[in-house]
Amino acid sequence: MIDDPAALHRAFAAHDARFDGVFYMGVTSTGIYCRPVCTARTPKAANCRFFSSAMAAEKARFRPCLRCRPELAPGNAPVDDGHRIATLLIRRIDEGMLDGGEGLERIAEKFGWSSRQIRRMVQREFGVSPMQLVQTRRLLLAKQLLTETGLAIGEVAFASGFASLRRFNDAFSAHYGMPPSRFRRSTSDAARGDSQADALTLQLGFRAPFDWQGLLRFLGARAIPGIERVTSDAYARTVRLGGHAGRVEVRRHPMRDTLLVALSPSLLPVLPALLGRLRQLFDLAARPDVIAAHLAADPLLAGAVRLTPGVRVPGAFDGFEMAVRAILGQQVTVKGASTLTGRLVRSLGVASGFAEAGFERLSPTPERVAMASVDEIGSLGVIASRARSLIALASEVAAGRLCLEPGADPDDTMRRLVALPGVGAWTAHYIAMRALRWPDAFPGSDLVLRQRLGGVSAAVAERRSQGWRPWRAYAAMYLWRGLPEGEGGRRLSQARQ
């Protein structure tokens, strides 16, 4: 747990679900303790005490909140990990693994639970059964497709995950009180995009402000040759999900707070998973107002936050792919890491099936990398110790022992990462920051971060970062971008000269 009451109070005030189960807050004026996601009014910091577990709060004679029900929060022990597993379950649903009882059994087996326990978790966390959750998410996606595209009703039904047009019509009519055809007629043609033979365009919303250009520059510098291409206004890449391959391109809407996602029709069967991964990649769930208000209180970052509002922490479209690049990036330049990753992709990846220059390959799977030998990877210019790290990482991911997805326990995942040969704290925090979407990750041993802090040691950088909790990952992004002259920036510029 974060050992900083002020940072914990800020996390509670933001109601950030990423901290649910990490801590509990007791209110001395009421004698009640709550989860960070509680919707009750935030009490004064002076009236708050923080605990790492519900048991510790109750030992201090606090009563559980009847609104947020702390007994439902994820805890440190697997037996109390309901919210985290429910979050991962949603990703599995979007990946298409839950099409019935058999799919639920597979998911339950992966987490070491029974299907009955999974059903109870979902019911507690979302108030519905797993199949009701599936149905609701399918209907919401169908509504978006009807509104934003010109796809035929049958195409909408199958793209949103329904097995037949009849089931889709029945579910839509029961839920919305009208058939999908009538809903489409009630939606203006201007609101819908064109469904062309080679592309389909949808929208993903975000909270403004959004530093789109800064995010593109970060991703562009780290783009993997053969898979990704980043221009001054767009991000594009090849995609393989659930046996379906295609291309996707993302641009910012010129007039609205949305991103425009153009995708190959071949990706329609995996559309829920694709959109979910893009939301994670572009950090669309961030609260830039809350994060900026906290970071701007530090004079060191105030100028940067004011000049560049809406900085996001770039996520990962594929956690394993991103982790491979992170390991290859140890002790080499950003450009050098991209070059090595491009060689690995050409050697171990498969052809994408697209003729366009720059989109020749699909990212290699964990299973393929795990099968490679040290000599095979070494022939690409990768040193032997780094090759062994890659093979160890791939073996853990392929075996299901290491989860590199949002919702995974960040502390446990980082412990597992540093246990791998050749993987240190910097790499573990960087992977947690991007692949796991952990907002408090901070790779304090990073050379650039330490230089921006005045050439300090990693230990001093770690201590200096405590005031930025629980959003240290966003502070790291500002430091990597560089600080403006004046205020804190002038002080660092002088220190580097």
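Two strands pair if DSSP finds at least two bridges between them. Keep that in mind as you move through this predicted model, since pairing strands are the main stop on the tour.

**The whole chain.** Start by selecting the protein chain. Its secondary structure comes to 24 helices and 11 strands. Of its 497 residues, 52% count as buried. The chain exposes about 21900 Å², with carbon and sulfur atoms supplying 52% of that area. Now look at contacts between residues at least 6 apart in sequence: 65% of them join residues at least 24 apart.

**Colour by confidence.** The mean pLDDT of the chain is 85, and 86% of the residues reach 70 or more. Next, select residues 189-197, where the pLDDT is below 50; beyond near neighbours in sequence, this stretch has 17 contacts in the model. Then go to residues 485-497, which also have a pLDDT below 50 and make 20 contacts beyond near neighbours in sequence. Where pLDDT is low, the predicted coordinates should not be read in detail.

**Strand β9 and its partners.** Select residues 258-263, which form strand β9. Add residues 200-205 to bring up strand β5, which runs antiparallel to β9 and is joined to it by 6 bridges. Zoom in on Leu204 and you will find its bridge partner in β9, Leu259.

Now add residues 244-252, strand β8. This strand is antiparallel to β9 too, with 5 bridges between them. Which residue stands opposite Leu259 here? Click on Arg252 to see it. To finish, follow the chain from β8 to β9: a hairpin joins the two strands through 5 residues.

Conventions: Residues are numbered from 1 along each chain as its sequence is written. This is a predicted model: local features need pLDDT of at least 70, side-chain atom pairs count only at pLDDT 80 or more; totals for chains, interfaces and linings use all residues. Side-chain values use heavy atoms; hydrogens and water are left out. pLDDT is the predictor's confidence in each residue, from 0 to 100. Contact means heavy atoms within 4.5 Å. Helices (H or I, at least four residues) and strands (E, at least two) are DSSP runs, numbered from the N terminus. Buried means under 20% relative accessible area, exposed over 50%, partly exposed in between (1.4 Å probe, protein chains only). Accessible areas come from the Shrake-Rupley method with a 1.4 Å probe; for residues, only the protein chains shown count as cover.
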